[in-house]
Amino acid sequence: MITPLLGDLLLLEWSQLMRIVRLEDYNTRMVFLGTATFSSLGGMVGTFLLLRKRSLMSDTISHATLPGVGIAFLFLYGFTEVGKSLPLLLLGAGISSLLGVGLIQFVRRWSRLKDDVAMAIVLSFFFGVGITLLTLIQQLPTGNAAGLEQFIYGKASAMTAGDATFIFIAALLTTLVCGLFYKELALLCFDRDFAKAKGLPTELLDFILLLLITVTTVIGLQAIGLLLVVAMLIIPAAAARFWTHDLSKMMWVAMGIGLISGMGGVFLSAAFPRLPAGAVIVLMASLFFLISMVFGTYRGLLLGWLKHHRLSQRIRLQHLLRAIYEWLEKHGQCGDILDDEFGIHDIRPFRAWDSGILELSFRKALKDGLIETSKNKFRLTGNGAREALKTVRHHRLWELFLIRYADTAPGRVDRDADAIEHVLEPEIIEDLEKALELESQAKRIPTSPHFIETISRSANG
Amino acid sequence: MDDAMNLLDFWIMVTGIAVALACVIPGVLLVLTRQSMLGDGISHAVLPGLALAFLLSGSRDMIWMLTGACLAGLFTSGLSYLIVRFGNVDPGAALGVTFCSLFASGLILIRFASDKVDLDPNCVLYGTVETAVVDGVINGTIPRVAWQAILLLLLNLSVLFFFYKELVMLTFDSGFAKSKGYPVGWMNVGITLITAITTVLCFEAVGSILVIAFLSIPVATALLISKRLVSIFWISGLVGIAASITGHLMAVFGIPGMVNYFSSGALVIRSLSSSGTMVAMAGVLFLTTLLMSRLFRLYPNSQMRTVKED
Amino acid sequence: MSSDQQVSLSVKDLNVAYRQQMILWDVSVDFLEHSLFAIVGPNGAGKSTLLKAALGLIPKISGSVTFWGKPLSEVRQRVAYVPQRESVDWDFPIDACGVVAMGLFHQLGWFKPVGKKERTKAEEALDRVGLFDYRKRQISELSGGQQQRVFLARALVQNADLYLMDEPFASVDAATEQAIVNVLHDMKSEGKSVVCIHHDLETVRDFFDRIVLLNMKVVAAGEMDEVLTHDHLAKTYGGKHHLLDRVTRKIRGNEIVL
């Protein structure tokens, strides 16, 4: 399957490539303009749809256009015997999908059926009716009806200047409406109940959002095809979510991803005419989704895994240092003098270590130069003693914080933070320090503010 | 000729009924776990499975096509599960991303496969009962799609029979099942597998829309008028059977007859796509039930609401 | 604490994080047998998380959980879990008896259908929570409190030794509250152990005999009278909790009576 693609590449000459890149071909230029505009529009509207948790609505809406097209055609055919008038067919498509949207709301309101069933019902019902109408139309005594499907669910590569201009104007209008209702739609998507409580007409706003989706779908269907419409409304927005939690930034990212996928897809399919433009655009967007999911800076997997790994590792090391400190404390050492030797078995009773974790933590501490070893015995290095002191102080300050500020504390405790000072206000830290001072005036590092059960239990047992 | 036509009608309806009944079982599980759109996703994503199976095996043998399609179905739900689980994406969006990407790659693969074979993507989406049944009827045997659908029905019925109580527990409260040590993950894979096999086997016979429709509409109709799981299975089955029969009759006699009548004989329409009309009839049945249940407050749905308000 | 009592559930140094946010922090607590434990703490204190992590429903970062000194997989039969009512879809088409019978599936094993014996057991359990007349009622037609009692019956039917309950008293009617209290007393007299998340400081003294105050860490744990003090409550809820004064007054009232 690679061979034919390579064949294309060999046939492709430099001058041809430049023609494509410079958009010298009139047709390519139009396809480029239309697709790029639509793809970024999809990203913008799709962001709202995603945040409203209704991404699959685009699938339903696009399938629900079919009966409208069929009925509009039959209607026209009845009067003019021609039937193919693009604006009227698109109007039919739009009305039909709005009816579908209405039916979904109706089902949700009048029964206890959930969103997903309502969408599946409307999608299949409307599409079924549409297919029936199409098979009926195909049998009408007019050559004109043939290929009505392709006529409606067009292909990106066959776009004309008229299509591109149409998309451009419609996109401008849609953007205008989005801009006008930006604040309200944002509130609706983030917290519908709150929006309702604030007195916003949430039903109307939901309708406006779905109207925007319908308009986007209808203009996209004819120009670039059904699959591409659904994909462009879902994928760029979903990809953008991995980069930011800020709505306006998310919209820009989604538009950017849509734009680049659209442009890239058109270039690729112009260079390799065997590749269908729509599918290439979708796959480019999917690639962006994959990249975003792995490398995204807000919700990306890599970052999440790294953070989690780091957190676990730090927590384990902190556990070790605290256990060592507590052992030393039990043996009468505190403050700066922490130079007693200890073995692994001395430290083990201080916590419930998962199997092998204690040994792992010792190895890690050795590698980080926090402890040193001689003859199966360990001792803290200077660096390790400092770290142990800091860890224990942090731990006990956090513990105290949790108790003294119990009403607000749980959300704010961040043991992973390098310094407690970065998280808590100076006044709070001052207060905590004072409290610690009171509890143990002689020591620089306070003892634990409450009885450590684990130690006593393990020490006795 | 006339006999052949009657036989054809008979087998179309039998196939339709078997498909409807086979779909009820995964359909109930999907609707109750809020995954109704999964059927839609799988039926789109099957395309690359078919294309890859063909490219790798070089044959259009049914067994290869089925394997490819089933794997693609499993892949769809597995991938969207991973996106939800690790990417924390809304389940609907995750399914959308997955099936759009897979369908697009299917389109490209087909472009390459088309050098060797005619695989029409439209065929995948709007399969037709008629053409699928015709082969067998002409040869005087039971059409392949018909016995295929009946075998599928038997398979689904036996799964339901053997795992009924576990399936109920899993769909109602998977957290509880997990706390009792059930392999919840594998059980979900099993449900997905059943859905994938059903979707794949059925869409070959009747097209993907009929599958999606039969996975969701009869079950939704049953949920409107009953609150007992057993009767939901029965009612869904009945709705499916009714939709199959009336749908086919509409396609062959009803709509052509009406067109003929209203155009005063100017237009002569032969039979229409039966799968389309079966879906349309299922939808009509659903809407009628919905309206009745609200207008007359006959059914437990509306009664219950008044109880709760008191 | 009397030392002759065995530990049913033992949690040691349990750390749980969700998205890099710590939820449980070095939680160590032993739940003794034959006693009614309440876990009390403010919202977001990690009460549900503690139960779920103990049951292995969510992953932990470190720490150990043992039931009678063994891992959960060896003693699942002896542990019953009552999840929060909101965790399932109550529109699900099933009757009360069907839900309760789920508690028996595990003992019944794969492939065997629910028979007369199981239905009888389920009906007995429903009877214990005062829902015998509702046994054929669809769960969506039950009130919130009745739904909670169905969940309780599903736990009862398992005939376990340890019951972990996630907020069974949350927004229930008086009848349900009484039914749950009766069941708790029965359990106590039968020598069962209960660990129950509770939100109401005013009733906790009446319903339970031991208490764990939790706010990311265990603030205090043990006998009700020793633990439920103004000082401990302030450490758990912060000084500004509007209930504290009332509860403290109540505690003082009890102290005077005692």
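Me: How many residues does each chain bring to the contact between chain A and chain B?
Reply: Two residues are in contact if their C-beta atoms, placed from the backbone, lie within 7 Å. Here chain A gives 50 residues and chain B gives 50 residues. One thing to know early: this is a predicted model, where local features need pLDDT of at least 70, side-chain atom pairs count only at pLDDT 80 or more, and totals for chains, interfaces and linings use all residues. Residues are numbered from 1 along each chain as its sequence is written, while chains are lettered from A and ligands numbered from 1 in the order in which they are written.

Me: Which elements give two or more residues to the side of chain A that touches chain B?
Reply: Helices (H or I, at least four residues) and strands (E, at least two) are DSSP runs, numbered from the N terminus. On this side of chain A you'll find helix 6 (86-110), helix 7 (115-138), helix 13 (226-240) and helix 15 (277-295). Helix 7 of chain A has the largest share, 15 residues.

Me: And what classes do those residues fall into?
Reply: Ala, Val, Leu, Ile, Met, Phe, Trp, Tyr, Cys and Pro count as nonpolar, Asp, Glu, Lys and Arg as charged, and the others, Gly among them, as polar. The side of chain A that touches chain B has 33 nonpolar, eight polar and nine charged residues.

Me: What is chain B built from?
Reply: Helices: chain B has 13 of them and zero strands. A residue is buried if 20 or more other C-beta atoms lie within 10 Å of its own, with C-beta atoms placed from the backbone. Of the 310 residues of chain B, 56% count as buried.

Me: How many residues of chain B are in contact with chain C?
Reply: 23 residues of chain B meet 21 residues of chain C. Helix 7 of chain B gives the most to its side, seven residues. By class, that side of chain B splits into 12 nonpolar, four polar and seven charged.

Me: How do I read the open sheet in chain C?
Reply: Strands of a sheet pair through backbone hydrogen bonds, either parallel or antiparallel. Two strands count as paired if DSSP finds at least two bridges between them. In chain C, six strands take the order 5-6-7-3-8-9, with mixed pairing. The edges are strand 5 (79-82) and strand 9 (217-223) of chain C, each pairing on one side only.

Me: Which residue stands opposite Leu162(C)?
Reply: Look for Ser193(C) in strand 7 of chain C. Strand 6 (residues 162-165) and strand 7 (residues 193-197) of chain C run parallel, joined by four bridges.

Notes. A residue is buried if 20 or more other C-beta atoms lie within 10 Å of its own, exposed if 12 or fewer, and partly exposed in between; C-beta atoms are placed from the backbone.
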